[in-house]
Every structure is written in C-alpha cells, then in structure tokens.
Amino acid sequence: MAEPVSDSHEVAERAAADGSEVALRKFSAKRVNKHVKSVYAFANTLAAAIIGAAIIGAAYIIPSVTKGAAQFDLDAPSWVLIGLTLHGFGHFVIWRFLRRED
C-alpha cells in the first residue's frame with residue numbers, strides 16, 4: 001500500500017515516475033481548480049462588499065448623516081449593478097475554467 005502524500009510536488013513526481021497520465025491529469029485539474037475557486041471567491045467577496053457599501057453606506061448612512069434625513073443616493077444603483085456584474089463574473093469563471101477531476 002502506498003504511503004499518504006502531503007506535498008503536491010511529490011504527487012506530481014510520483015505520477016510522472018509511474019507514467020500514470022491519469023494521475024498527472026487529475027493532479028493538474030485539481031491545481032487549476034484551486035486557482036479558479038480562488039478567483040471565484042475573490043470576485044464574490046468584492047461584489048458583496050460593493051453591494052453592501054452601495055446599499056447600506058452610500059444610499060442610507062452617508063446621506064442621513066450629511067443631510068439630516070435619509071435620502072436615497074442616486075449613485076447607489078450603479079454600484080449595485082457593478083457588484084452584480086462582479087458576481088456574474090465569478091460564476092462565469094467557474095463555468096468556463098473549472099476542470100473535471102475524474
């Protein structure tokens with residue numbers, strides 16, 4: 001029975017030494033998927049921050065502090081649209097670049 005491997009470089013070296021193209025392909029797919037998921041998480045986090053800042057901060061808190069009454073800021077819908085676009089970009093990255101690992 002093979003011993004467990006903890007280092008990703010060891011996985012690639014063992015797969016290359018065994019001549020197993022399947023193991024090397026799986027390793028490559030897992031490596032790419034890790035980066036794709038990181039981009040997806042970054043885009044969604046940024047989108048949530050922009051939407052939250054636009055709706056809560058720019059649309060309600062800042063106008064109520066500066067003008068004394070809660071008035072809706074007209075720039076907020078454009079920031080929400082930018083946030084939704086970033087969210088959609090994250091989904092596009094997952095759909096387009098995620099690889100099968102089997």
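Reader: How much of the accessible surface of the protein belongs to carbon and sulfur atoms?

Author: Happy to start there, with the reminder that this is a predicted model. The accessible surface of the protein comes to about 7,700 Å². Of that area, the part that belongs to carbon and sulfur atoms is 64%.

Reader: And what percentage of the residues count as buried?

Author: The protein has 102 residues. To count as buried, a residue needs a relative accessible area under 20%. The share that passes is 18%.

Reader: Which pattern does the protein follow when read along the sequence?

Author: The protein contains zero strands. What it does have is three helices. Read along the sequence, that gives the pattern α-α-α.

Reader: Let's look at α3. How far apart are its end C-alpha atoms?

Author: Helix α3 runs over residues 76–97. With 1.5 Å a residue, its 22 residues should span 32 Å. The model agrees with that expectation, as the end C-alpha atoms are apart by 32 Å.

Reader: Which residues of α3 are buried, and how wide an arc do they cover around the axis?

Author: The buried residues of α3 are Ala76, Gly83, Gly90 and Val93. They sit on the same side of α3, because the arc they cover around the axis is only 100 degrees.

Reader: Then which exposed residues does the face turned away from that buried side carry?

Author: Exposed means a relative accessible area over 50%. Trp95, for one, has 66% and so is exposed. The full set on the face of α3 turned away from its buried side is Leu81, Thr85 and Trp95.

Reader: How many aromatic pairs are there, and what is the angle between the planes of Phe92 and Trp95?

Author: A search of the whole structure finds two aromatic pairs. Phe92 and Trp95 form a tilted one, 5.9 Å centre to centre. These two residues are three apart in helix α3, so about one helical turn separates them. The angle between their planes is 45 degrees.

Reader: Is Phe92 buried, partly exposed or exposed?

Author: The relative accessibility of Phe92 is 39%. That value lies between the cut-offs of 20% and 50%, so Phe92 counts as partly exposed.

Reader: What kind of aromatic pair do Phe92 and Phe97 form?

Author: Phe97 counts as partly exposed, at 42% relative accessibility. The ring centres of Phe92 and Phe97 are 6.5 Å apart. Their planes are 85 degrees apart, and an angle over 60 makes a pair edge-to-face.

Reader: Which residues form the one aromatic cluster?

Author: Phe92 pairs with Trp95, and Phe92 also pairs with Phe97. The members of the cluster are therefore Phe92, Trp95 and Phe97.

Notes
Residues numbered from 1 in each chain as written. Predicted model: local features only at pLDDT ≥ 70, side-chain atom pairs only at ≥ 80, totals over all residues. Heavy atoms only, no water. Helix = DSSP H or I, 4+ residues; strand = E, 2+ residues; numbered from the N terminus. Buried < 20%, exposed > 50% of the residue type's maximum accessible area, 1.4 Å probe, protein only. Areas by Shrake-Rupley, 256 points an atom, 1.4 Å probe, with all protein chains shown as cover. Phe/Tyr/Trp six-rings, centres within 6.5 Å; stacked < 30°, edge-to-face > 60°. Expected span 1.5 Å × (residues − 1). Arc of directions from axis to C-beta.
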